[in-house]
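Biologist: Before we discuss particular residues, could we put the model on display and then work through its interior and its surface in turn?

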Amino acid sequence: MSALPSDERLLQVSPLRKLLGRPELGSVVGALAVFVFFAFAADSFLRASSLSTVLYASSTIGIMAVPVALLMIGGEFDLSAGVMVTSSALVSSMFSYQMTANVWVGVGVSLLVTLAIGAFNGFMLTRTGLPSFIITLGTFLMLTGMNLGFTKLIDDTVSTKSIADMEGFPTAQDVFASTLTVGDVNFKITILWWFALVAVASWILLRTRAGNWILAVGGNQDAARAVGVPVHKTKIGLYMGVAFGAWISGQHLLFSYDVVQSGEGVGNELIYIIAAVIGGCLITGGYGSAAGSAVGAFIFGMTSKGIVFAEWNPDWFKFFLGAMLLLATLLNAWVRKRAEATK
(Lines give C-alpha, C1' and ligand atoms only; values in the text may rest on other atoms or scores of the structure.)
Protein backbone atom coordinates (compact mmCIF):
# COMPACT_ATOMS: atom_id res chain seq x y z
CA MET A 1 0.00 0.00 0.00
CA SER A 2 1.40 3.37 -0.96
CA ALA A 3 1.78 6.06 1.65
CA LEU A 4 -0.93 8.69 1.78
CA PRO A 5 0.17 12.03 0.36
CA SER A 6 0.90 14.70 2.93
CA ASP A 7 -1.51 17.58 3.28
CA GLU A 8 0.26 20.88 2.60
CA ARG A 9 -2.27 22.66 4.85
CA LEU A 10 -0.91 20.84 7.90
CA LEU A 11 2.27 22.73 8.75
CA GLN A 12 4.76 20.72 10.77
CA VAL A 13 6.54 22.96 13.29
CA SER A 14 9.91 21.80 14.58
CA PRO A 15 10.79 22.11 18.30
CA LEU A 16 13.53 24.63 17.42
CA ARG A 17 11.05 26.82 15.56
CA LYS A 18 8.63 26.65 18.48
CA LEU A 19 11.45 27.64 20.85
CA LEU A 20 12.50 30.58 18.68
CA GLY A 21 8.90 31.72 18.56
CA ARG A 22 8.58 32.03 22.33
CA PRO A 23 8.49 35.72 23.40
CA GLU A 24 10.37 35.07 26.63
CA LEU A 25 13.34 33.30 25.00
CA GLY A 26 15.51 36.42 24.89
CA SER A 27 14.78 37.27 28.52
CA VAL A 28 15.62 33.74 29.66
CA VAL A 29 18.99 33.97 27.92
CA GLY A 30 19.53 37.37 29.55
CA ALA A 31 18.54 36.05 32.98
CA LEU A 32 21.02 33.19 32.71
CA ALA A 33 23.75 35.64 31.73
CA VAL A 34 22.97 37.95 34.67
CA PHE A 35 22.82 35.00 37.08
CA VAL A 36 26.20 33.62 35.97
CA PHE A 37 27.73 37.11 36.06
CA PHE A 38 26.75 37.81 39.66
CA ALA A 39 27.56 34.25 40.71
CA PHE A 40 31.18 35.06 39.88
CA ALA A 41 31.11 38.77 40.82
CA ALA A 42 29.57 38.34 44.29
CA ASP A 43 30.68 35.52 46.60
CA SER A 44 27.46 35.64 48.63
CA PHE A 45 25.10 35.67 45.64
CA LEU A 46 24.58 31.89 45.57
CA ARG A 47 23.68 31.58 49.24
CA ALA A 48 20.13 30.43 49.89
CA SER A 49 19.39 33.52 52.00
CA SER A 50 20.67 35.77 49.20
CA LEU A 51 18.51 34.03 46.60
CA SER A 52 15.45 34.44 48.83
CA THR A 53 16.24 38.16 49.02
CA VAL A 54 16.50 38.28 45.22
CA LEU A 55 13.18 36.48 44.86
CA TYR A 56 11.50 38.91 47.26
CA ALA A 57 12.82 41.93 45.34
CA SER A 58 11.67 40.28 42.11
CA SER A 59 8.20 39.52 43.50
CA THR A 60 7.50 43.11 44.54
CA ILE A 61 8.05 44.11 40.91
CA GLY A 62 6.66 40.93 39.36
CA ILE A 63 3.23 41.19 41.01
CA MET A 64 2.67 44.37 39.00
CA ALA A 65 4.71 43.38 35.94
CA VAL A 66 2.35 40.48 35.17
CA PRO A 67 -0.87 42.52 34.66
CA VAL A 68 1.14 45.35 33.07
CA ALA A 69 2.52 42.82 30.57
CA LEU A 70 -1.00 41.63 29.69
CA LEU A 71 -2.04 45.25 29.23
CA MET A 72 0.95 45.87 26.93
CA ILE A 73 0.12 42.73 24.94
CA GLY A 74 -3.31 44.31 24.55
CA GLY A 75 -1.60 47.37 23.07
CA GLU A 76 -1.92 49.85 25.98
CA PHE A 77 0.08 51.43 28.84
CA ASP A 78 -0.73 52.45 32.40
CA LEU A 79 1.40 55.27 33.79
CA SER A 80 -0.71 55.39 36.96
CA ALA A 81 0.23 51.87 38.10
CA GLY A 82 2.95 53.00 40.53
CA VAL A 83 0.92 55.57 42.46
CA MET A 84 -2.15 53.32 42.32
CA VAL A 85 -0.29 50.93 44.62
CA THR A 86 0.10 53.72 47.16
CA SER A 87 -3.52 54.79 46.71
CA SER A 88 -4.65 51.25 47.47
CA ALA A 89 -2.63 51.17 50.69
CA LEU A 90 -3.80 54.64 51.76
CA VAL A 91 -7.49 53.82 51.28
CA SER A 92 -7.18 50.61 53.28
CA SER A 93 -5.28 52.27 56.12
CA MET A 94 -7.27 55.51 56.42
CA PHE A 95 -10.68 53.86 56.12
CA SER A 96 -9.82 51.31 58.83
CA TYR A 97 -8.39 53.97 61.15
CA GLN A 98 -11.06 56.63 60.70
CA MET A 99 -13.97 54.19 60.91
CA THR A 100 -12.32 52.18 63.73
CA ALA A 101 -13.30 49.13 61.73
CA ASN A 102 -11.72 45.73 61.39
CA VAL A 103 -8.83 46.22 58.96
CA TRP A 104 -10.38 43.64 56.64
CA VAL A 105 -13.20 46.11 56.01
CA GLY A 106 -10.59 48.62 54.88
CA VAL A 107 -8.97 45.95 52.70
CA GLY A 108 -12.31 45.24 51.03
CA VAL A 109 -13.08 48.93 50.47
CA SER A 110 -9.59 49.38 49.04
CA LEU A 111 -10.21 46.56 46.56
CA LEU A 112 -13.42 48.19 45.33
CA VAL A 113 -11.84 51.65 45.05
CA THR A 114 -8.75 50.36 43.27
CA LEU A 115 -10.77 48.32 40.77
CA ALA A 116 -12.89 51.43 40.16
CA ILE A 117 -9.74 53.39 39.28
CA GLY A 118 -8.74 50.69 36.80
CA ALA A 119 -12.24 50.67 35.30
CA PHE A 120 -12.10 54.47 35.04
CA ASN A 121 -8.84 54.26 33.05
CA GLY A 122 -10.33 51.69 30.69
CA PHE A 123 -13.64 53.52 30.33
CA MET A 124 -11.99 56.85 29.56
CA LEU A 125 -9.69 55.19 27.03
CA THR A 126 -12.49 53.46 25.14
CA ARG A 127 -14.93 56.37 25.28
CA THR A 128 -12.62 59.24 24.37
CA GLY A 129 -10.32 57.52 21.89
CA LEU A 130 -7.35 59.34 23.43
CA PRO A 131 -4.01 57.52 23.70
CA SER A 132 -3.51 55.51 26.89
CA PHE A 133 -0.40 57.63 27.55
CA ILE A 134 -2.57 60.75 27.97
CA ILE A 135 -5.38 59.05 29.91
CA THR A 136 -3.14 57.32 32.44
CA LEU A 137 -0.79 60.30 32.74
CA GLY A 138 -3.83 62.31 33.83
CA THR A 139 -4.78 59.59 36.32
CA PHE A 140 -1.18 59.49 37.57
CA LEU A 141 -1.23 63.22 38.30
CA MET A 142 -4.68 63.09 39.92
CA LEU A 143 -3.76 60.15 42.17
CA THR A 144 -0.44 61.75 43.13
CA GLY A 145 -2.29 64.88 44.25
CA MET A 146 -5.10 62.97 45.94
CA ASN A 147 -2.68 60.73 47.84
CA LEU A 148 -0.94 63.74 49.34
CA GLY A 149 -4.02 65.93 49.70
CA PHE A 150 -6.27 63.41 51.44
CA THR A 151 -3.49 62.15 53.71
CA LYS A 152 -2.69 65.68 54.94
CA LEU A 153 -6.39 66.53 55.21
CA ILE A 154 -7.31 63.46 57.25
CA ASP A 155 -4.12 62.71 59.18
CA ASP A 156 -2.56 66.23 59.13
CA THR A 157 0.72 64.74 57.94
CA VAL A 158 2.19 63.03 54.87
CA SER A 159 1.89 59.52 56.34
CA THR A 160 -0.97 57.48 57.76
CA LYS A 161 -1.48 56.58 61.40
CA SER A 162 -0.41 53.14 62.59
CA ILE A 163 -3.10 50.45 62.46
CA ALA A 164 -0.93 47.67 63.92
CA ASP A 165 -3.07 47.44 67.08
CA MET A 166 -6.39 47.23 65.27
CA GLU A 167 -8.59 44.15 64.99
CA GLY A 168 -7.80 41.95 62.01
CA PHE A 169 -4.28 43.30 61.48
CA PRO A 170 -2.45 40.03 62.34
CA THR A 171 -4.51 37.91 59.95
CA ALA A 172 -4.24 40.47 57.16
CA GLN A 173 -0.50 40.62 57.72
CA ASP A 174 -0.36 36.84 57.42
CA VAL A 175 -2.06 37.02 54.02
CA PHE A 176 -0.17 39.95 52.53
CA ALA A 177 3.15 40.33 54.35
CA SER A 178 4.05 37.17 56.26
CA THR A 179 7.33 35.29 56.12
CA LEU A 180 7.48 31.56 55.40
CA THR A 181 10.39 29.52 56.70
CA VAL A 182 11.73 26.59 54.67
CA GLY A 183 14.62 24.97 56.47
CA ASP A 184 16.82 27.84 57.57
CA VAL A 185 15.70 30.20 54.82
CA ASN A 186 12.93 32.80 55.06
CA PHE A 187 10.69 33.55 52.09
CA LYS A 188 8.17 36.40 51.83
CA ILE A 189 4.62 35.42 50.93
CA THR A 190 4.71 37.90 48.03
CA ILE A 191 6.73 35.27 46.17
CA LEU A 192 3.70 32.94 46.30
CA TRP A 193 1.39 35.77 45.19
CA TRP A 194 3.75 36.43 42.28
CA PHE A 195 3.91 32.79 41.17
CA ALA A 196 0.12 32.47 41.44
CA LEU A 197 -0.43 35.56 39.27
CA VAL A 198 2.02 34.29 36.65
CA ALA A 199 0.21 30.92 36.53
CA VAL A 200 -3.26 32.48 36.27
CA ALA A 201 -2.19 35.07 33.68
CA SER A 202 -0.45 32.41 31.58
CA TRP A 203 -3.57 30.24 31.68
CA ILE A 204 -5.75 33.18 30.63
CA LEU A 205 -3.44 34.17 27.80
CA LEU A 206 -2.79 30.69 26.43
CA ARG A 207 -5.90 28.66 27.25
CA THR A 208 -8.92 30.94 27.22
CA ARG A 209 -10.99 32.95 24.77
CA ALA A 210 -10.08 36.09 26.69
CA GLY A 211 -6.42 35.40 25.95
CA ASN A 212 -7.17 35.26 22.23
CA TRP A 213 -9.02 38.57 22.58
CA ILE A 214 -6.04 40.21 24.29
CA LEU A 215 -3.64 39.12 21.55
CA ALA A 216 -6.09 40.13 18.82
CA VAL A 217 -6.77 43.56 20.30
CA GLY A 218 -3.06 44.23 20.70
CA GLY A 219 -2.26 43.06 17.20
CA ASN A 220 -4.96 45.00 15.33
CA GLN A 221 -8.01 46.21 17.21
CA ASP A 222 -9.92 47.14 14.05
CA ALA A 223 -9.50 43.64 12.66
CA ALA A 224 -10.38 42.18 16.07
CA ARG A 225 -13.56 44.24 16.23
CA ALA A 226 -14.47 43.09 12.73
CA VAL A 227 -14.45 39.44 13.81
CA GLY A 228 -16.54 40.06 16.93
CA VAL A 229 -13.94 40.61 19.64
CA PRO A 230 -15.34 42.86 22.44
CA VAL A 231 -12.50 45.39 22.24
CA HIS A 232 -13.83 47.83 24.83
CA LYS A 233 -14.62 45.16 27.44
CA THR A 234 -11.23 43.55 26.89
CA LYS A 235 -9.35 46.79 27.48
CA ILE A 236 -11.39 47.74 30.53
CA GLY A 237 -10.75 44.25 31.93
CA LEU A 238 -7.02 44.62 31.34
CA TYR A 239 -6.93 47.92 33.23
CA MET A 240 -8.87 46.34 36.08
CA GLY A 241 -6.28 43.55 36.09
CA VAL A 242 -3.56 46.15 36.64
CA ALA A 243 -5.68 47.62 39.44
CA PHE A 244 -5.97 44.18 41.08
CA GLY A 245 -2.18 43.82 41.04
CA ALA A 246 -1.90 47.32 42.55
CA TRP A 247 -4.30 46.29 45.32
CA ILE A 248 -2.19 43.25 46.24
CA SER A 249 1.02 45.32 46.18
CA GLY A 250 -0.63 48.10 48.19
CA GLN A 251 -1.79 45.73 50.92
CA HIS A 252 1.70 44.26 51.11
CA LEU A 253 3.13 47.75 51.49
CA LEU A 254 0.67 48.60 54.26
CA PHE A 255 0.93 45.40 56.27
CA SER A 256 4.72 45.27 55.99
CA TYR A 257 5.19 48.65 57.69
CA ASP A 258 1.66 49.41 59.11
CA VAL A 259 2.03 53.03 57.94
CA VAL A 260 2.15 54.43 54.40
CA GLN A 261 3.97 57.48 53.05
CA SER A 262 1.69 59.33 50.63
CA GLY A 263 4.51 60.13 48.18
CA GLU A 264 5.58 56.53 47.54
CA GLY A 265 5.19 54.76 44.21
CA VAL A 266 6.10 57.61 41.87
CA GLY A 267 8.36 56.25 39.11
CA ASN A 268 7.63 52.57 39.79
CA GLU A 269 5.33 52.40 36.76
CA LEU A 270 8.41 52.67 34.54
CA ILE A 271 10.02 49.74 36.35
CA TYR A 272 6.94 47.58 35.72
CA ILE A 273 7.02 48.49 32.03
CA ILE A 274 10.75 47.81 31.84
CA ALA A 275 10.26 44.36 33.38
CA ALA A 276 7.56 43.57 30.80
CA VAL A 277 9.70 44.82 27.89
CA ILE A 278 12.76 42.91 29.09
CA GLY A 279 10.46 39.88 29.31
CA GLY A 280 9.64 40.10 25.60
CA CYS A 281 6.57 42.35 25.37
CA LEU A 282 6.48 44.67 22.37
CA ILE A 283 5.76 48.36 22.79
CA THR A 284 3.38 48.07 19.84
CA GLY A 285 1.32 45.29 21.48
CA GLY A 286 0.15 41.88 20.27
CA TYR A 287 3.23 39.98 21.47
CA GLY A 288 4.56 38.85 24.84
CA SER A 289 3.87 36.51 27.74
CA ALA A 290 3.21 36.50 31.48
CA ALA A 291 6.16 34.18 32.02
CA GLY A 292 8.40 36.65 30.21
CA SER A 293 7.37 39.44 32.58
CA ALA A 294 8.31 37.17 35.49
CA VAL A 295 11.75 36.63 33.99
CA GLY A 296 12.08 40.38 33.46
CA ALA A 297 11.22 41.00 37.12
CA PHE A 298 13.72 38.32 38.15
CA ILE A 299 16.45 40.07 36.15
CA PHE A 300 15.53 43.29 37.93
CA GLY A 301 15.76 41.55 41.32
CA MET A 302 19.09 39.92 40.52
CA THR A 303 20.58 43.20 39.37
CA SER A 304 19.31 45.34 42.25
CA LYS A 305 20.50 42.88 44.91
CA GLY A 306 23.52 41.55 43.00
CA ILE A 307 25.07 45.03 43.01
CA VAL A 308 24.66 45.11 46.80
CA PHE A 309 26.11 41.62 47.26
CA ALA A 310 29.06 42.53 45.04
CA GLU A 311 29.59 45.65 47.22
CA TRP A 312 29.47 47.98 44.25
CA ASN A 313 28.29 51.56 44.32
CA PRO A 314 24.45 51.34 44.09
CA ASP A 315 24.43 54.64 42.20
CA TRP A 316 25.23 52.58 39.10
CA PHE A 317 22.03 50.55 39.36
CA LYS A 318 20.01 52.70 36.95
CA PHE A 319 22.85 52.49 34.43
CA PHE A 320 22.78 48.69 34.51
CA LEU A 321 18.98 48.70 34.33
CA GLY A 322 19.03 50.92 31.24
CA ALA A 323 21.73 48.81 29.61
CA MET A 324 19.72 45.64 30.27
CA LEU A 325 16.63 47.24 28.75
CA LEU A 326 18.47 48.07 25.53
CA LEU A 327 20.23 44.71 25.32
CA ALA A 328 17.05 42.76 26.05
CA THR A 329 15.10 44.71 23.44
CA LEU A 330 17.79 44.09 20.82
CA LEU A 331 17.99 40.41 21.74
CA ASN A 332 14.20 40.02 21.60
CA ALA A 333 14.14 41.71 18.18
CA TRP A 334 16.86 39.36 16.93
CA VAL A 335 14.99 36.31 18.25
CA ARG A 336 11.79 37.42 16.50
CA LYS A 337 13.62 37.92 13.20
CA ARG A 338 15.18 34.45 13.50
CA ALA A 339 11.77 32.96 14.28
CA GLU A 340 10.19 34.68 11.26
CA ALA A 341 13.08 33.59 9.04
CA THR A 342 12.49 29.93 9.94
CA LYS A 343 8.81 29.99 9.04
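Biologist: Which residues of the largest nonpolar core touch the most other members?

Modeller: This is a predicted model, and that should be kept in mind throughout. Its largest nonpolar core has 76 residues, and helix α3, spanning residues 48–73, gives the most to this core, with 12 residues. The members that touch the most others in this core are F255 and I299.

Biologist: Leaving aside neighbours within four places in sequence, which residues is I299 in contact with?

Modeller: I299 is one of the two residues that touch the most other members of the core. With neighbours within four places in sequence set aside, its contacts are S27, G30, A31, V34, I278 and M324.

Biologist: How many of the 11 residues in helix α12 are buried?

Modeller: Helix α12 runs over residues 268–278 and is mostly covered. Its buried residues include E269 and Y272, and also I278, which is in contact with I299. Just after this helix, G280 takes a positive phi of about 110°. Of the 11 residues in α12, the number buried is nine.

Biologist: Is S93 of helix α4 buried or exposed?

Modeller: S93 has its place in helix α4, which covers residues 81–98. Leaving aside neighbours within four places in sequence, S93 is in contact with T160, K161, I163 and L254. Because its relative accessibility is 1%, and the cut-off for this class is under 20%, S93 counts as buried.

Biologist: Turning to the surface, which helix gives the largest share of the nonpolar patch?

Modeller: The patch has an area of about 580 Å² and is made by F120, M142, M146, F150, L153 and I154. Five of its residues come from a helix that spans residues 132–155, and this largest share belongs to helix α6.

Biologist: Why can F150 be described as partly exposed?

Modeller: F150 is found in helix α6 and is among the residues that make the nonpolar patch. The partly exposed class lies between the buried limit of under 20% and the exposed limit of over 50%. F150 therefore falls into that class, since its relative accessible area is 40%.

Biologist: What distance separates the C-alpha atoms of L148 and S87?

Modeller: L148 is also found in helix α6, where it counts as partly exposed at 38% relative accessibility. Not counting residues up to four places away in sequence, L148 touches V158 and S262. L148 and S87 are 61 residues apart along the chain, and the separation of their C-alpha atoms is 9.7 Å.

Methods:
Residues numbered from 1 in each chain as written. Predicted model: local features only at pLDDT ≥ 70, side-chain atom pairs only at ≥ 80, totals over all residues. Heavy atoms only, no water. Patch = residues over 30% accessible without salt bridge, like charges linked within 9 Å, V, L, I, M, F, W, Y side chains within 5 Å. Areas by Shrake-Rupley, 256 points an atom, 1.4 Å probe, with all protein chains shown as cover. Salt bridge = Lys/Arg side-chain N within 4 Å of Asp/Glu carboxyl O. Helix = DSSP H or I, 4+ residues; strand = E, 2+ residues; numbered from the N terminus. Buried < 20%, exposed > 50% of the residue type's maximum accessible area, 1.4 Å probe, protein only. Contact = heavy atoms within 4.5 Å. Core = buried A, V, L, I, M, F, W, Y, C linked by side-chain atoms within 4.5 Å.
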